[in-house]
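Colleague: Could you take me through the salt bridges in this one? I'd like a close look at who pairs with whom and how open to solvent the partners are.

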Amino acid sequence: ARAFRDNPLNRAVIGRPPRGRLRANIHGMRAHLPQAERYGRLLSARADERLVGVLSSTPPGAYPLPPPSMAVRLRCLLGQGLRVAHRWARVYELLRDHHPVDRHWYLGTLGVEPELWGQGIGTDLLSTWLQAVDADRTPAYLETDTAENIRFYQRAGFDVVEEIQVFGVGISTMRRPAGGGRPDASAR
């Protein structure tokens, strides 16, 4: 939740001061991550037993993940507030309209504790995930709202497919062909 607190899309959807965005993100992650673990693939990175990074993805044919139970959705709604929950629902609708229909892996979330950015944790999580994706001989797809992430994913073989606007924020959709993309040792 901390990894996404200050992202452009979080600022646009949630607004609020950073503490309020963090609280809303925590509620969203508590609803999303158990579904990703049950129906998708969830990877984590730990340092001294502390969770420092998470990658959640959806295997081919499983997007979108089934919604969580009504109780979980209600807790999320109460924790985020009706306005924020409604705006996130709109984001997911808009992104779904651009989601590829062919068989692919979907990278939904890759987040690392902000104070540990640049130390290779995200690269390691992505590399581990891409090994499984490549073994499946399937393309991969993601969306990102930050320019720094575009360069990060390009090093791993992703290319920008489309630029869309969501609540005034530029979102880049990215795709990586089956079996990899451009080889780049720094992405592994």
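Modeller: Sure, starting with Aspartate 6: this residue is partly exposed, at 32% relative accessible area (buried is under 20%, exposed over 50%, partly exposed in between, with a 1.4 Å probe and protein chains only). Keep in mind that this is a predicted model, where local features need pLDDT of at least 70, side-chain atom pairs count only at pLDDT 80 or more, and totals for chains, interfaces and linings use all residues. Numbering runs from 1 along each chain as its sequence is written, and side-chain values use heavy atoms, leaving out hydrogens and water.

Aspartate 6 has a salt bridge to arginine 5, with the closest N and O atoms 2.6 Å apart; the term means a side-chain nitrogen of Lys or Arg within 4 Å of a carboxyl oxygen of Asp or Glu. Arginine 5 is partly exposed too, at 28%. The structure holds 10 such bridges.

Next, arginine 90 pairs with glutamate 93 at 3.1 Å between the closest N and O atoms. Both sit in helix H4 (residues 82–96), 3 residues apart, or about one turn (helices are DSSP runs of H or I, at least four residues, strands are E runs of at least two, numbered from the N terminus). Arginine 90 is partly exposed at 37%, and glutamate 93 likewise at 35%.

Then there's aspartate 102 with arginine 175, at 2.4 Å, N to O. That pair links distant parts of the chain, 73 residues apart: aspartate 102 is in the loop between H4 and strand S3 (105–112), arginine 175 in strand S6 (residues 169–176). Finally, Arg2, Arg50, Glu113 and Glu115 join up in a salt-bridge network.
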